[in-house]
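Subject: Structure for your review

Dear colleague,

Please find below the structure that I agreed to pass on to you. My notes on what was found in it follow directly after.

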Amino acid sequence: MYTIKECATQLKLPYLKTNWEEILSEAHVKDMSCEDFLLEVLNAELNLRSSNSIKTKIKNAKFPYRIILEDYERDHFSTELKLKIKQLETMEFLKNGQNVILIGNPGTGKTALAIALGIKACMEGKNVLFVSIPTLLMEIKEAMSQNQLLKYKRKFEKYDLVILDELGYVSFDKERGEILFNLISSRSEKGSTIITSNLTYDRWNEIFNDKVLTGAVIDRISKMSYLLDMTGESYRIIATKRWNERNQEQLNDK
């Protein structure tokens with residue numbers, strides 16, 4: 001006959017495998033019924049499985065760093081912008097397959113907000129991909145060289161949420177612009193896309209170098225989407241000012 005640990009290993013029950021002695025001891029102390037004992041073990045396994053699944057989804061999303069919405073600094077934003085962020089936090093945009101466009105100068109928190117929303121999506125069991133536009137262009141180039149573009153497109157479509165970061169830092173030729181347009185278009189009604197850009201819509205022609213294509217891209221991604229203009233003072237400048245203020249206060253106290 002197998003031991004409890006061996007059974008847990010064979011049945012792939014990691015929580016029971018690691019904690020079976022503690023679980024049994026607690027059951028004896030609490031004088032638990034068989035039903036309560038079994039229910040507690042099964043719930044613990046489900047919670048562990050859910051936790052591991054979330055960790056895997058966050059890892060697979062390839063975020064450059066991690067930040068949650070609760071830690072996202074927004075005190076310096078306007079009331080209107082705060083309300084829009086609060087709307088996004090409900091994740092209704094994801095349920096409705098809507099896009100989010102975050103526009104503003106460098107350092108204003110666009111990428112951090114996109115990552116925080118992406119991590120919340122992972123925590124709700126969604127499959128997320130974070131990729132910068134320069135990296136995406138390299139991946140497209142590689143897929144084209146290996147005749148794997150169609151496969152790449154199908155994979156791209158399957159994500160519940162795709163975050164395209166840094167649109168505007170590099171321009172590209174018409175061929176890659178059309179491919180990017182097709183990738184974005186293929187996600188319509190299949191999933192949401194978050195795009196961060198340092199350029200307003202009227203300057204996107206500098207990226208795509210084609211007025212017709214630029215118009216088509218804007219039309220496709222902006223339909224029923226959330227647009228947040230986050231133009232303002234850089235987070236880094238704000239942080240530096242606060243640091244200097246704290247230092248000055250400490251000097252004054254001496």
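**Salt bridges within helices**

E26 and K30 are joined by a salt bridge between their side chains, with 2.6 Å from N to O. Please bear in mind throughout that this is a predicted model. Both E26 and K30 belong to helix α2 (residues 14-30), where they stand four residues apart, about one turn of the helix. E26 has a relative accessibility of 29%, and therefore counts as partly exposed, since the partly exposed class lies between 20% and 50%.

Side chains that carry opposite charge can pair when their charged atoms come close. The structure holds eight salt bridges, and two further examples may be useful to you.

The first example involves K84 and E80, whose side chains meet in a salt bridge at 4.0 Å, N to O. K84 and E80 are four residues apart in helix α4 (residues 79-89), so about one helical turn separates them. K84 is partly exposed, at 26% relative accessibility, whereas E80 is exposed, with a relative accessible area of 55%.

The second example is the salt bridge of K95 with E92, in which the closest N and O atoms are 3.5 Å apart. Helix α5 (residues 92-95) contains both K95 and E92, and they lie three residues apart, about one turn of the helix. K95 counts as exposed at 58% relative accessibility, while E92, with a relative accessible area of 34%, is partly exposed.

**Strand β3 and its neighbours**

Is strand β3 (residues 161-167) largely enclosed or largely open? Six of its seven residues are buried, so strand β3 is largely enclosed by the rest of the structure. For this purpose, a residue is called buried when its relative accessible area is under 20%.

Strand β3 pairs with strand β2 (residues 128-132) in the parallel sense, over five bridges. One of the residues involved is F130, whose bridge partner in β3 is I163. Strand β3 also pairs with strand β4 (residues 192-197), again in the parallel sense and over five bridges. Here L161 has S192 as its bridge partner in β4.

How are β3 and β4 related through helix α9 (residues 174-186)? Together, β3, helix α9 and β4 make a β-α-β unit, and this unit is right-handed.

As background to these strands, the side chains of a regular strand alternate between the two faces of the sheet.

**The chain as a whole**

The chain contains 12 helices and five strands. Its radius of gyration is 24 Å, well over the 18 Å that the globule rule gives for 254 residues, so the chain is more spread out than a compact globule. Along the principal axes, the C-alpha atoms fill a box of roughly 75 × 70 × 30 Å.

Of the 254 residues in the chain, 39% are buried. The chain exposes about 15,600 Å², and carbon and sulfur atoms supply 52% of that area.

Contacts can also be sorted by how far apart the residues lie in the sequence. Among contacts between residues at least 6 apart in sequence, 80% join residues at least 24 apart.

I would suggest reading these notes with the structure open beside them.

Yours sincerely,

A colleague

Conventions: Residues numbered from 1 in each chain as written. Heavy atoms only, no water. Buried < 20%, exposed > 50% of the residue type's maximum accessible area, 1.4 Å probe, protein only. Helix = DSSP H or I, 4+ residues; strand = E, 2+ residues; numbered from the N terminus. Pairing = 2+ DSSP bridges. Right-handed = clockwise from strand over helix to strand, strands pointing away. Rg over C-alpha atoms; globule rule 2.2 N^0.38 Å. Contact = heavy atoms within 4.5 Å. Areas by Shrake-Rupley, 256 points an atom, 1.4 Å probe, with all protein chains shown as cover.
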